[in-house]
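Here are some short questions on how the terms apply to this model. Each answer sets a value against its definition.

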Amino acid sequence: MKNRIGFLVELVTNKRLRKDLKAIRIADKGYAFYAFELCKKTGIIKELEKKPRTIDELSKKLKLKNKRMLEAMLDFLVGKKAIKFDGQQYSLTGYIPLPFSLAEQDFVTTQYKGAEDWTLFFYGFAEDSLHYGSKHERTGFDDQQAIELWDSVMVGPLYSLRQIAVKKLLKGLKGGEKIIDYGCGSGTAITEIIERSEKPLEIIGVDISSKMLKMAEQRVKIIKREDIKVKLLKKDLSKKFYFELLFDCAFASILINHIPQNERENFYRKVAENLKPNGKFVLFQLVNRTKFDRIFSDWLLNVVPSHHGFPILNEYISQIKKYFSKVEVLLNGTIVIAYK
Ligand SMILES: C[S@@+](CC[C@H](N)C(=O)[O-])C[C@H]1O[C@@H](n2cnc3c(N)ncnc32)[C@H](O)[C@@H]1O
C-alpha cells in the first residue's frame with residue numbers, strides 16, 4: 001500500500017513519468033496495429049477467416065518457419081482482443097486494432113523518435129523472420145544499429161521508469177558499497193548511478209556483448225568521478241557465474257527476457273548467492289501480466305535470438321521469492337526490490 005501511494009505521488013509530481021507512460025500506451029496501440037497488419041500480409045487473417053487454426057496448422061499451411069514469433073504475435077493479439085484462443089485454436093473476433101491517431105503519431109515522432117525507429121527497425125525484420133526463421137533473425141545486441149536504437153529507447157519512454165528503479169537502488173546507501181549491474185549494456189544505467197550517487201561506490205557492469213561493453217566504457221570515461229570506481233566484465237549470465245567478492249547491491253534492467261525461461265530461477269539464485277547478507281537486488285523489467293496480456297513489443301522482439309519473452313508476473317515474483325526473504329513489487333512488477 002505504501003508503495004502504491006509512493007507511486008501515485010511520483011505520478012502526480014513527475015511530469016516526465018506521465019509523458020513516458022503516455023508514450024508507452026500509444027506505442028502499445030501501434031504494436032497491435034503492426035501485428036495485425038503483419039497477420040494480413042502473411043495470409044494469417046485469410047486462413048483464420050476460413051476456420052479456426054492451431055499454430056501448427058497455420059505455420060504448415062503458410063510455410064511460416066518461426067513458430068515462436070508466430071505464437072508471440074497471436075498471443076499478443078489475443079490480449080488486444082483481435083483474436084480469440086480457445087486453448088488450442090486461434091480464430092478472429094472481428095475487432096481490428098486501429099493505428100494511432102495523427103495527434104498520437106505526432107506525439108511519438110516529435111518526442112520519442114528513437115523509440116519509433118526501434119519499432120520500425122524490428123518490424124522490418126519481423127516478416128522475414130516469420131517466413132525464414134532463425135536464418136534471417138537479427139543478432140540483437142551485437143548489432144551496432146540495434147544498440148544505438150536501444151539507447152534511444154532508454155532515453156525515450158523507458159527513461160523515467162528506470163530512473164525510479166535507480167533511485168530505489170541508491171536509497172539508503174552509506175558509501176563504499178559494491179554494486180553490480182547485470183546486463184549493463186551500453187552503460188546508461190551505470191552513468192545514471194554515477195551522476196545520482198552522493199556517495200563513493202564501486203560498480204561492476206557485466207554483459208555478454210563486447211560492443212555494448214565498449215560503448216559503456218566510452219560513456220563511463222566521459223563522466224569519470226574520482227570517488228566511483230567502475231569495472232566492466234564480459235560474461236554470459238545465462239550460464240553459471242561466480243565473482244570473487246560479494247556485492248551489497250545488484251541491479252538488472254531489461255535483462256530477464258534475455259535469460260532462457262528454464263535458466264531464470266538459477267539466475268535469481270546466483271544473484272542471491274553473490275550478495276552479502278541483507279543485500280538488495282533491484283530489477284527493472286517489462287513484465288506481462290498473463291500469457292495473453294502482453295505488453296510493449298514482446299512479439300516484435302522475437303526477431304532477436306536472445307529474447308526469450310518477458311516474464312509473466314506471478315511466475316516471475318514467485319521465482320524471485322524463493323531466493324530472497326523480502327520482495328517489494330511496484331508498478332505491476334516493472335520494478336522489484338528484493339532483499340536477501
Ligand atoms: C535490453 S538490453 C538492456 C541493457 C541495459 N541494462 C539497459 O537498461 O539499457 C539487454 C542487455 O542484456 C545483454 N544480455 C543478453 N543476454 C545476456 C547474457 N546471456 N549474459 C549477459 N548479458 C546478456 C545484452 O547484450 C544487452 O546489453
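A residue is near a molecule or strand if its C-beta atom, placed from the backbone, lies within 6 Å of it. This is a predicted model, where local features need pLDDT of at least 70, side-chain atom pairs count only at pLDDT 80 or more, and totals for chains, interfaces and linings use all residues. Residues are numbered from 1 along each chain as its sequence is written.

Q: Which residues come nearest to the ligand?
A: Phe-141, Gly-183, Gly-185, Ser-253 and His-258, out of 20 around the ligand. Helix 8 (144–154) and helix 10 (188–196) each give two or more residues to this shell. Helices are DSSP runs of H or I with at least four residues, strands are runs of E with at least two, and both are numbered from the N terminus.

Q: How do the residues of the shell around the ligand divide into nonpolar, polar and charged?
A: The shell has 10 nonpolar, 8 polar and 2 charged residues. Ala, Val, Leu, Ile, Met, Phe, Trp, Tyr, Cys and Pro count as nonpolar, Asp, Glu, Lys and Arg as charged, and the others as polar. Gly is among the polar ones, so Gly-183 and Gly-185 count as polar.

Q: What makes strand 8 and strand 9 a pair?
A: Pairing needs at least two DSSP bridges between two strands. Strand 8 (residues 326–330) and strand 9 (residues 335–339) have 5, so they pair. The two run antiparallel. Lys-326 stands opposite Tyr-339 in strand 9. The hairpin has 4 residues between the strands, and Leu-331 takes a positive phi near 50°.
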